[in-house]
Every structure is written in C-alpha cells, then in structure tokens.
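Trainee: I am new to this structure and would love a close look at one part of it. Could you take me through the sheet and what packs around it?

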Amino acid sequence: MAASSDAPKIYVTALDSELDRARLERNNLTPGTYTIVEGVKPSEVPDAVKEKFAKGRALETRQLGLMAAMSAHVKAWEQIIADGNPPAVILESDAKKVRSLPTELPNDGITILGGNLRTKATSDVSKDKEVF
C-alpha cells in the first residue's frame, strides 16, 4: 500500500455553536491548521438520508443524531473532493487528541483512526471518543 508523503489536511465537522467552538479550543487544534466543515443538525438531515436508514427507529432522536453526524461526514468528503482529494483526516469537534496524527497515510483508501468504531485496530481507543 503506497503512502502519501504529504501531511494530511485536517477537516473538522462542527456546528456553528458556542459549544462546538469551545470544544475546538479545548482540543489543542491550532486555529488555521484545519478546515471547518459545517455540521448538520438533526432537524436538517436530508430526506434522502432518512429514507436510507433502517425503518422503524429511523426518526428517533438518537437515530436523527447519527444521521446528522453521517451527513456532516459526507459534506466533509465532498469538501475533500472539491479541494483536489488531498491526504485528509476528518475529525468531529469533540474528538480528543491523545496522540499525534500520523505523518503519512495510505493514499489508496480510507484509514480509520478510531472513534466510535470498534475493530481490532481501534480496540485500544477508549469510549470517550479519543480518536488520535
């Protein structure tokens, strides 16, 4: 697997709110070193996304929150493509920095650093959303 020698560009999904601005300040992200991608509120989840989620529980508050987060990540992917597809890392505003970001990432796929995903590769990541 080939690796890119360019440092990854950081994209952060965040709502335009005091809470998310405070989270960004607390998480040691230097202003100007990342691109903010506007988050999606549960009330703003596109109908096309709602239609694709499992029926039944799809409109419960928790499910709407998950759909909103997923929609924000899709917006980040679209921004990465618009920026010429640079090596990139997508973070959420409440991600906690527990170690340095990798200086090289594979350039032929998606690398998952952690978060709410639980795989063998991310099993050492705590449930407190410490992702890198």
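Mentor: Gladly; we will start with the strands, go on to the core, and finish just past the sheet.

This is a predicted model, in which local features need pLDDT of at least 70 and side-chain atom pairs count only at pLDDT 80 or more, while totals for chains, interfaces and linings use all residues. Residues are numbered from 1 along each chain as its sequence is written, and side-chain values use heavy atoms, leaving out hydrogens and water.

Begin with the open sheet, where three strands (DSSP runs of E, at least two residues, numbered from the N terminus) are arranged in the order 2-1-3 with parallel pairing (at least two DSSP bridges between two strands). Its edges are strand 2, residues 34–38, and strand 3, residues 88–92, each of which pairs on one side only.

Now follow strand 1, which covers residues 9–14 and pairs with strand 3 in the parallel sense over five bridges. You can find two points along this pairing by eye. Lys-9 has Ala-88 of strand 3 as its bridge partner, and Val-12 stands opposite Leu-91 in strand 3.

Next, turn to the two faces of strand 3. Val-89 and Leu-91 make up the covered face, whereas Ala-88, Ile-90 and Glu-92 form the uncovered one.

Val-89 and Leu-91 also appear in the largest nonpolar core (buried nonpolar residues, under 20% relative accessible area, joined through side-chain atoms within 4.5 Å), which has 11 residues. Among its other members are Ile-10, Val-12, Ala-14, Leu-24, Leu-29 and Tyr-34. Strand 1 and strand 3 each supply at least two residues of this core, and the largest share, three residues, comes from strand 1. A second, separate core has seven residues, including Val-45, Met-67, Ala-68 and Ala-72.

To see the packing from one residue, select Ile-10. Leaving aside residues up to four places away in sequence, Ile-10 touches (heavy atoms within 4.5 Å) Thr-33, Tyr-34, Thr-35, Val-89, Leu-91 and Leu-101.

Finally, step past the sheet to Asp-94, in the segment after strand 3. Asp-94 counts as partly exposed because its relative accessibility is 26%, and that class runs between the buried limit and the exposed one, over 50%, with a 1.4 Å probe and protein chains only. Asp-94 and Leu-19 are 75 residues apart along the chain, with 9.4 Å between their C-alpha atoms.

Methods: Helix = DSSP H or I, 4+ residues; strand = E, 2+ residues; numbered from the N terminus.
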